[in-house]
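Work through these exercises with the structure open beside you. Try each task before reading its solution.

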Amino acid sequence: MNKQYKKDLIKNYKRKELEVDANSSDPTLSSFAKIELGATSQPLTSERISKTPDGELITLVIQKLEEVVQATYKSNPRKYKSKENVLKEFPQDLKYLYAMYYFEMQLELGDVDKFYENASDDRKRFLSAAYRFLGFSNLANMIEQEEIEPLENEFRSFKKKVGEVKIDFIRENSNRFQLT
């Protein structure tokens, strides 16, 4: 079997898997698959932000950001080299939200130790700056000092407040979160 034929088989297999996942009842899996397949959703406008229920807003922004990052990367992979390089071109507010979203996901899964094993010092400082920016200096300090157990406990007690602050910030600054 030649190399190109093998590559084509793998590509077709992955595409079929993504097509199945795109129809999943799991919204996260479905969204990821659609992004990988290149599907685009409606533009994220101030009006759409204002009409989105609180419980869906952060996920909507993150999913749209991932969609735009994926499309931008695919349009010129040689220029960007990685999706992270594309993300660097976005406004600080979006990058903060993105970093917090994935960190909080690791916290929820009990995998925050993996964050510390894999994250560079710059990434840790960036995440800390994100929480400090939204007024959560205590969480920011714990991130910097790598106090895992106190951080997990502190986050649990402030989880709802952190979410509310992020939602309020997005709504109050909706023009900074518009994505097409």
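The exercises below cover confidence, aromatic pairs and a pocket.

**Exercise 1. Confidence**

Find which helix of the protein chain has the lowest confidence and which has the highest.

Solution. Start with the model itself: it is predicted. Next, take the whole chain. Its mean pLDDT is 90, and 96% of its residues reach 70 or more. Now go helix by helix. Confidence is lowest in helix H2 (residues 27-37), with a mean of 70. It is highest in helix H3 (residues 46-51), at 97.

**Exercise 2. A first aromatic pair**

Classify the ring pair Phe103 and Phe115, then decide whether each residue is buried or exposed.

Solution. The structure holds 10 aromatic pairs. In this one, the ring centres of Phe103 and Phe115 are 4.9 Å apart. Pairing needs centres within 6.5 Å. The planes of Phe103 and Phe115 stand at 70 degrees, so the pair is edge-to-face. The cut-off for that class is over 60 degrees.

Then place the residues. Phe103 sits in helix H7 and Phe115 in helix H8 (residues 112-118). They are 12 residues apart, and the pair links distant parts of the chain.

Last, check accessibility. Buried means under 20% relative accessible area. Phe103 has 2%, so Phe103 is buried. Phe115 has 8%, so Phe115 is buried too.

**Exercise 3. A second aromatic pair**

Do the same for Phe136 and Phe158.

Solution. The ring centres of Phe136 and Phe158 lie 6.3 Å apart. Their planes are at 70 degrees, so this pair is edge-to-face. Phe136 lies in the loop between helix H9 (121-133) and helix H10 (137-145), while Phe158 is in helix H11. The pair therefore ties together parts that are 22 residues apart in sequence.

Now accessibility. Phe136 has a relative accessible area of 9%, so Phe136 is buried. Phe158 has 33% and counts as partly exposed.

**Exercise 4. A ring cluster**

Name the residues that ring pairs link into a cluster.

Solution. The cluster contains Tyr96, Phe126, Phe133, Phe169 and Phe177.

**Exercise 5. The second largest pocket**

Describe the lining of the second largest pocket by position, helix and class.

Solution. Begin with volume: about 310 Å³. Count the lining next: 15 residues. Ile58, Tyr101, Glu104, Lys159 and Lys166 lie nearest the centre.

Then sort by helix. H4 (54-75), H7 (92-109) and H11 (148-172) each supply at least two lining residues. H11 gives the largest share, 6 residues.

Finish with class. The lining has 7 nonpolar, 3 polar and 5 charged residues.

Technical notes
Residues are numbered from 1 along each chain as its sequence is written. This is a predicted model: local features need pLDDT of at least 70, side-chain atom pairs count only at pLDDT 80 or more; totals for chains, interfaces and linings use all residues. Side-chain values use heavy atoms; hydrogens and water are left out. On a 1 Å grid over the protein atoms alone, a cavity is a set of points where a 1.4 Å probe fits but cannot get out, and a pocket is an open set with protein on both sides within 12 Å along at least five of seven lines; lining residues have an atom within 4 Å of a point. Grid points are joined across faces, edges and corners, and a volume is the space filled by probe spheres set on the points. Helices (H or I, at least four residues) and strands (E, at least two) are DSSP runs, numbered from the N terminus. Ala, Val, Leu, Ile, Met, Phe, Trp, Tyr, Cys and Pro count as nonpolar, Asp, Glu, Lys and Arg as charged, and the others, Gly among them, as polar. pLDDT is the predictor's confidence in each residue, from 0 to 100. Rings of Phe, Tyr and Trp (its six-membered ring) pair if their centres lie within 6.5 Å; planes under 30 degrees apart count as stacked, over 60 as edge-to-face and the rest as tilted. Buried means under 20% relative accessible area, exposed over 50%, partly exposed in between (1.4 Å probe, protein chains only).
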